[in-house]
Structure formats: C-alpha cells, structure tokens
Amino acid sequence: MTKTRNLYLIPYIAWMLLFVATPIILIVYDSFFDVEGHFTWGNFQKFLTPVYLRMTFNSFWYAFLITLFSLLVAYPTAYWLRRTKHKQLWLLLIIVPSWINLLLKTYAFIGLFGTYGFVNSFLDWVGIGTQQILFTDFSFVFVSVYIFIPFMILPIYNSLEEINPSLLYASRDLGASPWMTFRRVVFPLTLGGVKAGCQAVFIPALSLFMITRLIAGNRVVTLGTAIEQHFLVTQDWGMGSAIAVLLIIVMAVIMIATGNRGARNTIR
Amino acid sequence: MTDNKTIIRFENVTKKYDNDTVLNGVSFEIERGKFYTLLGPSGCGKTTILRLIAGFIEPSEGTISFNGKIINDVPADKRQVNTVFQDYALFPHLNVFENIAFGLRIKKMKNAAIAEKVMEALRFVNLNGYENREISEMSGGQRQRVAIARAIVNEPEILLLDEPLSALDLKLRTEMQYELRELQRRLGITFIFVTHDQEEALAMSDEIFVLNQGEIQQSGTPTDIYDEPINRFVADFIGESNIVPGRMIQDFQAEFAGKRFECVDQGFSPNEPVEIMIRPEDLEITSTELGDLLIKVDSQLFRGVHYEISGYDEAGNEWLVHSTKKAIVGESIGLRFDPEAIHVMRFGETEEEFDRRLEAYAGHEPDSSVPTPTVGGARND
C-alpha cells in the first residue's frame, strides 16, 4: 500500500524539486554574486539605497491600490451575485476572462486606451476631447484591477454563499434592520473571504511587470520591472536574484500573517 | 382591541408561491399566554404560518392581526415576536454572551443593563457560567438553550419555535419537552410551537392545530383531538388507530365488521355510511365467547409497555390491539370494547359541523340544524 502510494508521489515530488525548490535555491545562490562572479553582500546592500526602496514603496503602494479597488468592485458584485437568479451563468461570465492570457487582455487595453482607441473616440464624440489615458498610473491600476477582479470576487462570493440563510432571518427577528444585519452578521462572516481575496490579489500584484511596461509605459517602476530589467537588459543576475529573494520573503510573511487569521476566523 | 385575550388573528390567510398554494384560506385565533402547537406532516403549511407571524413572508391574501392591529406589511424587525429556529441559527462569529445580547445591542441598551439581562436569561435556561464559550464549543442541547435565551431576553409577546427539538436525541428531546412547558408557564407568554411529532404535541400543548395540505383540519386540546378526531387524517396522524368502514343504522347504533354495536353517537341520517375509529388501547382481549369481535391473530410484537397484536376479523378488516396480555399467533381471540370507545367519523365534515355535533351529544339533544350530506345508498361491507 505505502509503496504504491509513494510511486504516485514521484511526479509531484519531481516537479516540486525541479521547478520550485531548484529555482529558489539557484536564485538565493545567485543573489550572493556580483556581475564578475565574486561572492558579495553588495546586492542586498544596494537594495537599501533610495532607488530600490522607492521601487519597493511603489510596488506596495500600487499593489495596495489594486487590492483596494478590486475589493470595492468585487464585494458589491459578489453580494448582488448571491441574490440574482442565474447565479451560475453570471459566475461563468466573471470567470471566463481569467482564462484568457494576461498579455492578450493587456494588448486589448492598448487598443482601447490608445490615442485613436475606442475610449478616446468616445470622449471626442461626447465633446471632452482626446485624453492621454495610456501610460498613466490610472490606466495601470485600471487594467490590473480588471485582471484581478475574478480572484477577489470568487472567495467573497463563496463566503457569502456559506452563510446560513436562517442567520439573516434570525438577525431580522432580533430587531436588526437590513443594514444592521449586513453590518453585524453578513460582513463579519465574509471577512475570511475578503482576506483570501486580498491575498490572492495583493501578492501577485506586488510582482506585476508586463503591464507596467505595456500599459504604464515604464512610468510605474515596480520590483517586478526591476527584476525583469536586471535579468534581460543589464544582465546583473545577482541584483535581480537579490530583489526576487526579498520579494519571496515578503510574500511568505504576508501569506503566513493573513493565512493564520483567516483560518481562525473560519473555525469560529 | 376588542378582545383582550386574542393576540394573533388570522383571517382567510392564503399564501401562494407562483401557482403553489401552501396555505389555503386559514382563519384562527391565538390567545395570550397559552402553549399552542401547529402539528402536521412536512409541507402542510405549519412553518409557513410561523413565518407569517414572524414577518419573514407576507400573506398573498387575507389579514393577520397582532393585538387587534393588522400587521401584514410590518417587517420582521418591527414585530414583538421572537423565533427559535430549527437549526438554532446562532451567530458563529459571536460567543454565547454576544449571541444573547444581539437583540439588546440593536436596541442600543446600556452595557450594564445588557450584561444583567443576558445573565438572567442564561440562568433561566440553566446555562450560567457559559457566557464566554464559543458556539462551536457547545453541544446540541446547549445550543438549543442559547437559542431560547437569545429569543426570550428580548421579552417578546410571542415565542415562535420552529421544530426546535428535531435535531436532539430522544432522551434530550423528552427532557426539553418538560423544560419548554415549564419555561412557558414561568414566562407566561404565548408559545407557538411547530412540530411533526404528535407525541410532542400531545405532551406539551394547551391547544393543537392539526394541519394538512395548507388547511387546518382540527383544533382543540390534546385530549379533544386524541379522543374525537374529526376525520381519517387526524385519527391516523395522532396516535394509532383502527379505522374501518361502517354505517349508522340509527342514533346510538352503528354497524361495522358485519355486526351492530351500541355507540354514543347521534345526529346521522339513517343508514349513513361513516368511518368507525377505535384506538388500539381501547380494545380488550377476552375469550372468543365473550368478545364483541373475533379476530385471528396475524402478528405480535413486544413493545415494552404492551404487546402490539395485529389480526383480521371475518369481514377482512385489520385490527391493531395494544394489550398487556399476550396472544398466540394463528389463534382466534375475542375483542371487547365499550360503546364510548367507538368514534364515528362522518365523511367530509367541516370542523364547525363536527363541533356542533359533539356539543349536541353533551346536551343529548339531536341538533336538527346540522345539515346531513346526501350520500346515496348504504354500503355493503
């Protein structure tokens, strides 16, 4: 029995070793070497200079904005979705865009937001006139929110679905108005879903890089962009690896911190 | 407020979902301070009545009044009614104290007053010392008590209980029946209890409404309903019963199983076909010579308190007997019963007609105003 079970585990273990463990070890290893191949702590020291700290701040700030706006759109959507008639259909429509390649969606927005794009011709027609939409902070956050929204809606929707409907009746029965019921029963019970959704958006948003170039025109420089530039342009693999290592540590810390609280919430 | 005793009045209340009628023109009154039970099989409309009183749904037709005022469109949070839910519906994110305090916090009561009231409610349901527990740490029976405490702490005029005992095991359920009854007496408020369990209903209630298919079949005290069921449905649903076809030869004389028997019923047209109901515990086993009826014993089960004996008479009717005496399977036995044990049920009789007929027995004056249904020809059994 245990032998055959071990056999089944081989592909998984092989995958984890080859594509998860090995790359992380290599990146950690690389982060201690400079361009000439000498051992150094310099990469990490360089990270503490204002240039990189500013990039770090940018990454967190934009990840925060993306998470916040995703939440503001996703919560009411999920709430409405739970009460609608054709739940499964609407849910599918929300999920389908997440099956499409991220780059394709990004290119689509270049078409929409460009100087001669649909949005500008509409603004022109209304009388506002052509605006610079592409290559702004706004378009970067907008497109990122669009891409991440399904990952925010699903956990919130699931936590709403898990609420026993008789809890809502009980709340009304005990004298709570619909708004009070939302504040004191529905929202606290969906906190787990909100946390899971924020995690699913914030962590990948920290390391976004293609959108920064295509939509924000490198006006927004985040840690993701820096890693890409070091590996592909400046060929300073050591510095790129050092940033990646720090990013991995930060993500792990966030996951552990929010994960624990989420777990405790579901038990209660 | 014309009648101070009446707290809830339903007048021709109908509830429809699309084309599905779950409650069909129901009218009744609920008096202050009594223990009522709505009894019936699932889908009979009993929970619908409860939800209408709680305010979770609105009637399609008819009016519901509370203390003489029509409350059809008063939302649930504005009614002086609280509910104990079937699944308790305790808030999982709040502990025992906060669950019970929920309604008081909504009313913006002061913290000290809330603490005092919550503690008092906990004492009432014998849960003192449990206030800081999480709901997940409580057993089924304890959750039940928390749900009751959470409802009564708001001092409702009516407490609605939606099958609250169905999730408990038998022993705990019996215990809680006593406790609920006792609680109702101490609080002195109206309880409306919904159940499909007839024993529960008989044990706890002042008044029972028996429902079936969205209509009230019969209402009355437990003994009324048990002793004088209006029709086959009620007789079958409440307790066990032998129901055989028969006819009323004349007043005080019924014919069934091919024989004529003296009975206490009257007010039927001659030779009117009826149904005869006799409770299994009213049948006494005697020798074949002394018996009013002869049955051949088909099966026998030991039930602890009594034997449950089943057999067939010469006309082919099945008879169920509860007896402390043992019978022998395959042998014939005699059954003896008193005239009072024979209950005659008229086909298609409404509750009003039924009540009038029963009142007439009490005065021993045949009531000529009772309309007699014209059913052609006596049946041959």
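In the predicted model, the buried residues of helix H8 of chain A pack against H9 of chain A, and also against helix H1 (46-54) and strand E6 (81-84) of chain B. The buried positions in H8(A) are Leu167(A), Tyr169(A), Ala170(A), Ser171(A), Arg172(A) and Asp173(A). Beyond the helix comes Gly175(A), which has a positive phi, near 100°.

The packing of H8(A) against elements of both chains leads to the interface itself. Contacts between the two chains involve 17 residues of chain A and 19 residues of chain B. On the chain A side, the elements contributing two or more residues are helix H8 (165-173) and helix H9 (178-206). H8(A) provides the largest share of this side, with six residues. Sorted by class, the side of chain A that touches chain B consists of 10 nonpolar, four polar and three charged residues.

Chain A as a whole contains 12 helices and zero strands. Its order of elements from the N terminus is accordingly α-α-α-α-α-α-α-α-α-α-α-α. The C-alpha trace of chain A extends over about 70 × 70 × 35 Å along its principal axes. Chain A has 268 residues, of which 32% count as buried. Among the contacts in chain A with a separation of 6 or more, 70% are between residues 24 or more positions apart.

An unreviewed UniProt entry lists "transmembrane region" for residues 7-29, 60-82, 89-113, 133-157, 185-211 and 237-258 of chain A. Two of these listed spans were examined in the model. Residues 7-29 of chain A are 100% helix and 0% strand, with 31 Å between the end C-alpha atoms. For residues 60-82 of chain A, the corresponding end-to-end distance between C-alpha atoms is 32 Å, and the span is likewise 100% helix and 0% strand.

In chain B, the domain assignment gives domain 1 (6-227) and domain 2 (240-363). The C-alpha centres of domain 1 and domain 2 of chain B are 38 Å apart.

Strand E8 of chain B comprises residues 190-195 and is mostly covered, with six of its six residues buried. Burial applies to both faces of E8(B). One side carries Thr190(B), Ile192(B) and Val194(B), while the other carries Phe191(B), Phe193(B) and Thr195(B).

Two pairings of E8(B) are described here, with strand E3 and with strand E7. Strand E3 (residues 35-39) of chain B runs parallel to E8(B), and five bridges join the two. Within E8(B), Thr195(B) stands opposite Leu39(B). Strand E7 (residues 158-162) of chain B also pairs with E8(B) in the parallel sense, over five bridges. Here Ile158(B) has Thr190(B) of E8(B) as its bridge partner. The connection from E7(B) to E8(B) includes helix H5 (residues 170-187) of chain B, and the three elements make a right-handed β-α-β unit.

Methods
Residues numbered from 1 in each chain as written. Chains lettered and ligands numbered in written order. Predicted model: local features only at pLDDT ≥ 70, side-chain atom pairs only at ≥ 80, totals over all residues. Domains from an automatic or database assignment. Contact = placed C-beta atoms within 7 Å. Helix = DSSP H or I, 4+ residues; strand = E, 2+ residues; numbered from the N terminus. Nonpolar A, V, L, I, M, F, W, Y, C, P; charged D, E, K, R; others polar. Buried ≥ 20, exposed ≤ 12 C-beta atoms within 10 Å, placed from the backbone. Pairing = 2+ DSSP bridges. Right-handed = clockwise from strand over helix to strand, strands pointing away. UniProt positions renumbered as here; feature names shortened; annotations may be inferred.
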